[in-house]
Number of protein chains: 2
Amino acid sequence: MNMREFSDKVELSAYTLRYYEKVGLLKHVQRNTSGHRIYSNRDIDWVDFIKRLKDTGMPLKEIQKYASLRELGAQTVKERQELLEKHQENLVKHIRQQNEHLKALDAKINLYKSGEVS
Amino acid sequence: MNMREFSDKVELSAYTLRYYEKVGLLKHVQRNTSGHRIYSNRDIDWVDFIKRLKDTGMPLKEIQKYASLRELGAQTVKERQELLEKHQENLVKHIRQQNEHLKALDAKINLYKSGEVS
DNA sequence: CTACTAGTTAGAGTTAACTCTAAGTCAACT
DNA sequence: AGTTGACTTAGAGTTAACTCTAACTAGTAG
């Protein structure tokens, strides 16, 4: 599929997709005879995974690191797993923290509701 | 308390605290005779609340809006409550989303654990 | 009196992650 | 042949949220 279709599907602008390629998140995207990019379904999966990592707070630099390890094939499986497990741990902490924040916010709102705030 | 003590207590650099003042998050901080800032316990509470909003993804601009409403006193209670309730709603959504991401990440890691990834 | 410490200001610099601009190419229509 | 539209590139510009620099001052210890 072409840029526009892919951009629509993954909900990232063409600018962002080219940027992701520039910083090494997306590698060897195919080209047609006139030099335009052609994306595959595997590209969709990969970008979706990038988005997931990003949405859970992983910086693009670290996603790039994961991408590079992936490039190196089977010998980096362990390292990639560790990277993801570390991220998983951070995410669990983050969710715990956010739940605490939510509780405190609920309490604050209850003060407003009961008219104890001016 | 002075800059250093306050900075230690709220775990924000002096740079950041001055910046927060500059952008209108912190207002009428007291000064001593030589022009140095003096912070109170109420300042601690307020900065802690700012941090909570920030940590839950509220942009400083919106926190600033809340701060400004607070300045205007009792007549803005309703508006402030609404602002917080909107944020609460976003936060609930965010937590839900993060939990979904976590589940997907768990699944991915399980693929690694069972050797289904190369 | 001098040195040191802890602050002060205005404004410049940094970083991440885009986002856009300008100039150009290529294929398809009219 | 000319126009349109969807791309291409290199590189400049933007935004949020800091972070730092330079030059200065006030209070304290030796």
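Author: A residue counts as near a strand if one of its heavy atoms lies within 4 Å of that strand. The model discussed here is predicted.

Reader: What makes a residue one of those around DNA strand D, and which come nearest?

Author: The test is a heavy atom within 4 Å of the strand. 18 residues surround DNA strand D. Nearest are Arg4(A), Arg31(A), Arg37(A), Tyr15(B) and Tyr20(B).

Reader: Which parts of DNA strand D lie within 4 Å of the protein?

Author: Sugar or phosphate supplies 73% of those atoms, and bases supply the rest.

Reader: What makes the pair between Tyr20(B) and DNA strand D a polar contact?

Author: The atoms and the distance. A polar side-chain atom of Tyr20(B) sits 2.7 Å from a phosphate oxygen of the strand. The cut-off for two N or O atoms is 3.5 Å, so this pair qualifies. Arg31(A) also reaches a phosphate oxygen of DNA strand D, with a side-chain N or O atom at 2.9 Å. Met3(A) uses a backbone N or O atom instead, at 3.5 Å from a phosphate oxygen of that strand.

Reader: Which elements supply the surface near DNA strand D?

Author: At least two residues each come from helix H1 (3-10) and H2 of chain A, and from H2 and helix H4 (60-71) of chain B. H2(B) gives the most, with 4 residues. By class, the surface has 6 nonpolar, 5 polar and 7 charged residues.

Reader: What surrounds DNA strand C?

Author: 18 residues, the closest being Tyr15(A), Tyr20(A), Arg4(B), Arg31(B) and Arg37(B). Of the atoms of DNA strand C within 4 Å of the protein, 74% belong to sugar and phosphate.

Reader: How do you know that Met3(B) makes a polar contact with DNA strand C?

Author: Compare the distance with the limit. A backbone N or O atom of Met3(B) is 3.4 Å from a phosphate oxygen of DNA strand C. The limit is 3.5 Å, so the pair counts. Side chains reach phosphate oxygens of this strand as well: Arg31(B) at 3.0 Å and Arg37(B) at 2.6 Å. Two or more residues of the surface near DNA strand C come from each of helix H2 (14-22) and helix H4 (60-71) of chain A, and helix H1 (3-10) and helix H2 (14-22) of chain B. The largest share, 4 residues, is from H2(A).

Reader: Why are chains A and B called related by a two-fold axis?

Author: A turn of 180° and a shift of 0.0 Å along the axis lay chain A on chain B, with an RMSD of 0.0 Å. The two copies are therefore related as by a two-fold rotation axis. In chain A, Ile95(A) has the C-alpha nearest that axis, at 3.2 Å.

Reader: How do you know that the copies meet through the same surface?

Author: 100% of the interface residues of chain A are interface residues in chain B too, so the surface is the same.

Reader: What does Gln88(B) touch in chain A?

Author: Gln88(B) belongs to helix H5 (residues 77-113) of chain B. Beyond its sequence neighbours within four places, Gln88(B) is in contact with Leu102(A), Leu105(A), Asp106(A) and Ile109(A). Its side chain makes a polar contact with that of Asp106(A), at 2.4 Å.

Reader: Which residues touch the most other members of the largest nonpolar core?

Author: Phe6, Tyr39 and Leu84 of chains A and B, in a core of 62 residues. Tyr39(A) contacts residues including Phe6(A), Leu17(A), Leu26(A) and Val29(A). In soluble globular proteins, nonpolar side chains tend to be buried together.

How values were computed
Residues are numbered from 1 along each chain as its sequence is written. Chains are lettered from A and ligands numbered from 1 in the order in which they are written. This is a predicted model: local features need pLDDT of at least 70, side-chain atom pairs count only at pLDDT 80 or more; totals for chains, interfaces and linings use all residues. Side-chain values use heavy atoms; hydrogens and water are left out. A polar contact is a pair of N or O atoms within 3.5 Å; within protein, one must be able to donate a hydrogen and the other to accept it, and residues adjacent in sequence count only if both atoms are side-chain atoms. Ala, Val, Leu, Ile, Met, Phe, Trp, Tyr, Cys and Pro count as nonpolar, Asp, Glu, Lys and Arg as charged, and the others, Gly among them, as polar. Copies are superposed by least squares on the C-alpha atoms of residues with pLDDT of at least 70 in both. Contact means heavy atoms within 4.5 Å. A nonpolar core is a set of buried Ala, Val, Leu, Ile, Met, Phe, Trp, Tyr and Cys residues joined through side-chain atoms within 4.5 Å. Buried means under 20% relative accessible area, exposed over 50%, partly exposed in between (1.4 Å probe, protein chains only).
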